[in-house]
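User: I want the reasoning behind the labels on this model. Take me through them one by one.

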Amino acid sequence: MTQNELMASLELASANQPFKRWKRGQIIDWVQDVVEDLIDKVELDPEETVATVKVWYDKVIRPIDIPGLPNFGIEPIVDEAVWRLIEFGIRQIFKRRSV
């Protein structure tokens, strides 16, 4: 699976997902589960995989408004923290698979 195929698979998996109603922890778990399901098909190294998921995250997840948080200042910090947790989880998946 190439970067384009991984991106297409992520976009297809996220179509019609009710992200706006999910709590951030649910989004983290969902992204990690989807990536784990796709990881055996990915012919990319961990860095390319993480970079591709980051592009998808920035396109699909980051723009979702977090109710009650100011868009300037706090929300970008929360979005970045969510990404870091997702990234950590993806790297852990690769580590488990390489053992």
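User: How many aromatic pairs does the rule give, and what makes two rings a pair?

Analyst: The count comes to 3 aromatic pairs. Rings of Phe, Tyr and Trp (its six-membered ring) pair if their centres lie within 6.5 Å; planes under 30 degrees apart count as stacked, over 60 as edge-to-face and the rest as tilted. This is a predicted model, so local features need pLDDT of at least 70 and side-chain atom pairs count only at pLDDT 80 or more, while totals for chains, interfaces and linings use all residues. Residues are numbered from 1 along each chain as its sequence is written, and side-chain values use heavy atoms, with hydrogens and water left out.

User: Why is the pair of Phe19 and Trp30 called edge-to-face?

Analyst: The ring centres of Phe19 and Trp30 are 5.2 Å apart and the planes stand at 75 degrees, so the pair is edge-to-face. Phe19 sits in the loop between α1 and α2, and Trp30 in helix α2, 11 residues apart. Helices (H or I, at least four residues) and strands (E, at least two) are DSSP runs, numbered from the N terminus. Ring pairs also link Phe19, Trp30 and Trp56 into a cluster.

User: Why is the pair of Tyr57 and Trp83 called tilted?

Analyst: The centres of the Tyr57 and Trp83 rings are 5.5 Å apart and their planes are at 40 degrees, so the pair is tilted. Tyr57 lies in helix α3 and Trp83 in helix α4, so the pair ties together parts 26 residues apart in sequence.

User: Why is Thr52 called buried?

Analyst: Thr52 has a relative accessible area of 4%, so the label is buried. Buried means under 20% relative accessible area, exposed over 50%, partly exposed in between (1.4 Å probe, protein chains only). Thr52 is found in helix α3 (residues 46-60). Leaving aside neighbours within four places in sequence, Thr52 is in contact (heavy atoms within 4.5 Å) with Gln3, Leu6, Met7 and Leu44.

User: What makes a nonpolar core, and which residues of the largest one touch the most other members?

Analyst: A nonpolar core is a set of buried Ala, Val, Leu, Ile, Met, Phe, Trp, Tyr and Cys residues joined through side-chain atoms within 4.5 Å. The largest has 27 residues, and Leu10, Val31, Val53, Trp56 and Ile86 touch the most other members. The helices α1 (3-14), α2 (24-38), α3 and α4 (74-98) each supply at least two residues of this core. The largest share, 7 residues, comes from α2.
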